[in-house]
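Work through the exercises below with the model open. Each task is followed by a solution in steps.

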Amino acid sequence: MLSYPEAKKFYDAFGKKQDKQFYEKIAIRDLLEHGDFTSANSIFEFGCGTGKVAQLLLSDYSKPETHYVGVDISDTMVKLSADKLTEFHDRVRIYSTDGAPELPEKSNCYDRVICTYVLDLLAEQDIKRVLSEAQRILVTGGYICLISLSHGVSVVSRMVEHTWSFLYRLKPTLVGGCRPISVLKYLPEPEWEILHHNVIVSYGIPSEVLVAKKL
Ligand SMILES: C[S@@+](CC[C@H](N)C(=O)[O-])C[C@H]1O[C@@H](n2cnc3c(N)ncnc32)[C@H](O)[C@@H]1O
């Protein structure tokens, strides 16, 4: 598991290479198509990276007046995403955090919380803290929209998963600090209604896509 300073150091150096993660595209499209973003006025993203998902979201999947707030532990990522989203400047706010999942945001104020390919690099306790914060800042009826590296669902994707996990155990930075996880178990039914759940395999790499409504 990467510590916060290790994750920051890695992603500060990784920067724009994050946009070359070819296997993420189909899962991101699946999430954007199932998150009903056109009915959202406010969107929060945890671990916004280069702003790749936000750019797609704001240009193709949301209303022109929707507001977006993104946070990231990496100053490089915060700068890259701010640059990428300049055309939406008056609707966008991006800031860096020290990595702790607790956020300086009011309760019950966002219609959507997004987190793509971030939970899979956090410790189990932090995954729970991020999801608890998402639940706090979402309005009732708001959606949490997640993608994580996940477990294989076919022979090829299971082989890829095993190779990925092997590399992670050898040295987490070889695979960006990420390991395959299953997110569904962190969203218990009395608190969340699962609206969309899918595992997408692209280039043999499995991604879990999940949209759930805060009840
Ligand atoms: C694999 S990248 C994914 C970026 C983006 N969400 C995407 O899908 O392209 C992981 C991102 O999470 C950020 N990150 C890692 N740990 C974090 C933490 N504890 N708090 C906030 N951001 C974090 C990294 O800096 C990096 O930008």
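**Exercise 1.** Which residues of β1 lie on one side and which on the other, and are they buried or exposed?

*Solution.* The model is predicted: local features need pLDDT of at least 70, side-chain atom pairs count only at pLDDT 80 or more, and totals for chains, interfaces and linings use all residues. Residues are numbered from 1 along each chain as its sequence is written, and side-chain values use heavy atoms, with hydrogens and water left out.

Step 1. Sort the residues by side: S42, F44 and F46 are on one, I43 and E45 on the other.

Step 2. Both groups are buried, and both faces of β1 are thus covered. Buried means under 20% relative accessible area, exposed over 50%, and partly exposed in between (1.4 Å probe, protein chains only). Strands (E, at least two residues) and helices (H or I, at least four) are DSSP runs numbered from the N terminus.

Step 3. Five of the five residues of β1 (residues 42-46) are buried, so the strand is largely enclosed by the rest of the structure.

**Exercise 2.** Trace the pairing from β1 to the other strands.

*Solution.* Two strands pair if DSSP finds at least two bridges between them.

Step 1. β1 pairs with β2 (residues 67-72) in the parallel sense over five bridges, and F46 stands opposite V71 in β2.

Step 2. β1 also runs parallel to β4, joined by three bridges; here E45 stands opposite I114.

Step 3. β4 in turn is joined to β5 by six bridges, again parallel, with Y110 partnered by L138 in β5.

Step 4. Seven of the seven residues of β4 are buried, so β4 is largely enclosed by the rest of the structure.

**Exercise 3.** Describe the largest nonpolar core and the surroundings of L146.

*Solution.* A nonpolar core is a set of buried Ala, Val, Leu, Ile, Met, Phe, Trp, Tyr and Cys residues joined through side-chain atoms within 4.5 Å.

Step 1. The largest core has 67 residues; F44, F46, Y68, L119, I144 and L146 touch the most other members. Strand β5 (residues 138-149) gives the largest share of this core, seven residues.

Step 2. Beyond its neighbours within four places in sequence, L146 has contacts (heavy atoms within 4.5 Å) that include L31, C115, L119, V183 and E208.

**Exercise 4.** Which residues are closest to the ligand, and how many surround it?

*Solution.* Step 1. The ligand is surrounded by 21 residues (a heavy atom within 4 Å), and G47, D72, G99, T116 and Y117 are the closest.

Step 2. Look for polar contacts, which are pairs of N or O atoms within 3.5 Å. A polar backbone atom of G47 is 2.7 Å from a nitrogen atom of the ligand. For G99, a polar backbone atom is 3.0 Å from a ligand nitrogen atom. T116 has a polar side-chain atom 2.6 Å from an oxygen atom of the ligand.

Step 3. On its own the ligand has 590 Å² of accessible area, of which the protein covers 98%. Such areas come from the Shrake-Rupley method with a 1.4 Å probe.

**Exercise 5.** Locate N108 and Y203 and describe their backbone and accessibility.

*Solution.* Step 1. N108 is in the loop between β3 (92-96) and β4 (110-116). Its phi is near 55°, a positive value in a residue other than glycine. Most residues other than glycine have a negative phi.

Step 2. N108 is partly exposed, at 46% relative accessibility.

Step 3. Y203 is in the loop between β6 (192-202) and β7 (205-214). The phi of Y203 is also positive, near 55°, and Y203 is exposed at 63% relative accessibility.

Note on methods
Polar contact = N/O pair within 3.5 Å; in protein donor to acceptor, adjacent residues only side chain to side chain.
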